[in-house]
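Got a new structure in front of you and wondering how its labels were earned? Let's go through a few of them together.

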Amino acid sequence: MIPFEWLEQAQQRIAPHIQNTPLTFDAQRGLYLKWDNRQVSGSFKVRGALNRILALEGWERAAGLVTASAGNHGQGVALAGGLVGAAVEVFVSSHAVPAKVQAMQRLGARLHEVEGGYAEAEAAARRYAAEQQKVFISPYNDGQVIAGQGTLGLEILREIEASAARVWVVPTGGGGLISAQGVLLARFPSRPRLVAVQAEASPFTYHLFRHGTQRGVPDRPTLADGLSGAIEADSVTLPLMRRYVDDFVLVSEAEIEEAVAFAWFVYHEKIEGSAAAGLAAVLSGKVAVRPALVILSGGNIQPEVHARIVAQYARRKWD
């Protein structure tokens, strides 16, 4: 398990390099909203990447860093690698969002494109790191990465009491973000419920959580690209999720798109599909408890995709 002290240490380690992102309250809808789309690199993922890489020994940094990413984690690793002078190589799916690919390249990462989805990219990255004796930085299956993601919750609890929201709603792919919030909230006798959310189109973690297997799970294209693809069956996040997560729900592509539009027209915030998953669960009524806290985990959406969604909902009158 992940000691709470690791989260405190992560906070001290990465504080000079990240933003303390806004937490707002929508009184009409009973929603607390944590806007980590405003984070450095546009995503919460930089928190875990920074914590893991800043904690490396000098010889590990010199060996070079390898990761696999749908885009946001790769940007975090590239940014952190630049801070410590480490070369970074990122394995990406051939289906990766172009804007995220370009952002990783701008940050100095060397990219390897892999045919297939995220699972194929991660497998290739792990093989390469082992063969080349480089350090693999997992997006989720790493205690220090998880501890870094916990700094998001620490920021929230600087502004509100743990009891202020009855439920925390967290977009979930590999499970690092929600596992970290579980470690944090477990310290409170009457903690909020934790609800994980994933896209119906690629529900691998949902099926592992519910059924203990990823066999036969569909892997269709999804706007929530950062939550898609199979994960390691022995990931440290799985026992953490089984211990701390109270419910796990799925949202459709239409619900995700509507949440992206809602964030833009109601809150004037640009969020990506993965970040919109939690908001989609709330807007669709799949999470009905209030007050609810929703984590908006990133804003790195392909510009023309966001423009299409905004145009599609331009005439909608939001309640």
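Q: Which residues do ring pairs link into a cluster in this predicted model?
A: Ring pairs join Trp35, Phe262, Phe265, Tyr267, Tyr313 and Trp318 into a cluster. As for the count, the structure holds 9 aromatic pairs.

Q: Why is the pair of phenylalanine 25 and tyrosine 32 called tilted?
A: The ring centres of phenylalanine 25 and tyrosine 32 sit 4.4 Å apart, and a pair needs them within 6.5 Å. Their planes meet at 35°. Stacked would need under 30 degrees and edge-to-face over 60, so 35° lands on tilted.

Q: What makes tyrosine 32 buried?
A: Its relative accessible area is 14%, and buried means under 20%, so tyrosine 32 qualifies.

Q: And why does phenylalanine 25 count as partly exposed?
A: Phenylalanine 25 has 43% relative accessibility. Buried is under 20% and exposed is over 50%, so 43% falls in between.

Q: What makes phenylalanine 209 and phenylalanine 248 a tilted aromatic pair?
A: Their rings are 5.6 Å centre to centre, with 50° between the planes. The limit for a pair is 6.5 Å, and 50° is neither under 30 nor over 60, so they form a tilted pair.

Q: How do you know that this pair links distant parts of the chain?
A: Phenylalanine 209 belongs to helix H9 (residues 204-211) and phenylalanine 248 to strand E9 (residues 247-251), 39 residues apart. Both phenylalanine 209 and phenylalanine 248 are buried.

Q: What covers the buried residues of H9?
A: The cover includes strand E8 (193-199), helix H10 (237-244) and E9.

Notes
Residues are numbered from 1 along each chain as its sequence is written. This is a predicted model: local features need pLDDT of at least 70, side-chain atom pairs count only at pLDDT 80 or more; totals for chains, interfaces and linings use all residues. Side-chain values use heavy atoms; hydrogens and water are left out. Rings of Phe, Tyr and Trp (its six-membered ring) pair if their centres lie within 6.5 Å; planes under 30 degrees apart count as stacked, over 60 as edge-to-face and the rest as tilted. Buried means under 20% relative accessible area, exposed over 50%, partly exposed in between (1.4 Å probe, protein chains only). Helices (H or I, at least four residues) and strands (E, at least two) are DSSP runs, numbered from the N terminus. Contact means heavy atoms within 4.5 Å.
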